[in-house]
Amino acid sequence: MFVSFLYFQRSRHLLSTSTFTRALSQSSNVPPESGEPSIPIYEEKKHEPVQLKRSRLLYQSRKRGMLENGLLLSTFAAKHLSTMSEVHLQQYDRLINLPSNDWDIFYWATGVKPTPAEFETEIMGLLKDHAKNKNREVRLVQPALN
């Protein structure tokens with residue numbers, strides 16, 4: 001336990017150093033004085049093959065970092081991703097990769113917060129319907145990969 005405490009103290013020191021903070025802020029739009037970890041700026045993959053894009057989006061739908069979106073987006077992707085047009089794939093890609101906060105996506109899909117105009121697309125409409133779960137599907141785990 002004492003070793004964990006020392007590690008925690010060392011980590012706090014590293015986070016507070018200006019060199020570490022400066023290194024974090026150089027790769028994104030985070031001000032150096034904020035001390036927040038940087039989030040890479042989203043770059044749309046314009047010439048990505050459609051099947052590769054579907055595979056990437058399936059992975060990103062499953063690995064969100066928060067259980068609520070992992071379940072919501074993985075079940076949505078399992079249901080809709082294989083039939084999405086290239087335009088819909090682009091909309092879905094932007095939806096799950098542009099917002100820097102996954103809670104925003106969850107709140108928009110569940111109607112807790114209004115969806116910004118740039119994300120109010122056909123795909124967001126499908127996601128909102130999926131979140132309502134009108135058929136009362138059991139969504140306790142992510143669907144199996146095929």
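**Exercise 1. Classify Lys 113 as buried, partly exposed or exposed, then find its salt-bridge partner.**

Step 1. Lys 113 has a relative accessible area of 38%, so it is partly exposed. The cut-offs are these: buried is under 20% relative accessible area, exposed is over 50%, and partly exposed lies in between (1.4 Å probe, protein chains only).

Step 2. The side chain of Lys 113 meets that of Asp 104 in a salt bridge, 3.7 Å from N to O. A salt bridge here is a side-chain nitrogen of Lys or Arg within 4 Å of a carboxyl oxygen of Asp or Glu.

Before going on, note the source. This is a predicted model: local features need pLDDT of at least 70, side-chain atom pairs count only at pLDDT 80 or more, and totals for chains, interfaces and linings use all residues. Residues are numbered from 1 along each chain as its sequence is written, and side-chain values use heavy atoms, with hydrogens and water left out.

**Exercise 2. Describe the fold in outline.**

Step 1. Count the elements: seven helices and zero strands. Helices (H or I, at least four residues) and strands (E, at least two) are DSSP runs, numbered from the N terminus.

Step 2. Add the cover. Of the 146 residues, 33% count as buried.

Step 3. Look at the contacts (heavy atoms within 4.5 Å). Among those with a separation of 6 or more, 55% come from residues 24 or more positions apart.

**Exercise 3. Check the length of helix H4, then say what its buried residues pack against.**

Step 1. H4 covers residues 67-80, which is 14 residues. The expected span is 1.5 Å times one less than the number of residues. That gives 20 Å, and the end C-alpha atoms of H4 are 20 Å apart, so the two agree.

Step 2. H4 is mostly covered, with ten of its 14 residues buried. Among them are Leu 71, Leu 72, Leu 73, Phe 76 and His 80.

Step 3. Name the neighbours. The buried residues of H4 pack against helix H3 (50-62), helix H5 (86-97), helix H6 (102-110) and H7.

**Exercise 4. Which parts do the salt bridges of Asp 93 and Lys 79 tie together?**

Step 1. Asp 93 forms a salt bridge with Arg 56, and the closest N and O atoms are 2.8 Å apart. Asp 93 lies in helix H5 and Arg 56 in helix H3, so the pair ties together parts 37 residues apart in sequence. Both residues, Asp 93 and Arg 56, are buried.

Step 2. Lys 79 and Glu 137 meet in a salt bridge of 3.7 Å, N to O. Lys 79 is in helix H4 and Glu 137 in the segment after H7, so this pair ties together parts 58 residues apart in sequence. Lys 79 is partly exposed at 44%. Glu 137 is partly exposed at 33%.

Step 3. Look for shared partners. Glu 48, Arg 56 and Asp 93 are joined by salt bridges into one network. The total count is seven salt bridges.

**Exercise 5. Compare Asn 133 and Arg 136: which is buried and which is exposed?**

Step 1. Asn 133 lies in the segment after H7. Arg 136 is in the segment after H7 too.

Step 2. Check the backbone. Asn 133 is not a glycine, yet its phi is positive, about 50°. Arg 136 is not a glycine either, and its phi is positive at about 55°.

Step 3. Check the cover. Asn 133 is buried, with a relative accessible area of 14%. Arg 136 is exposed, at 68%.
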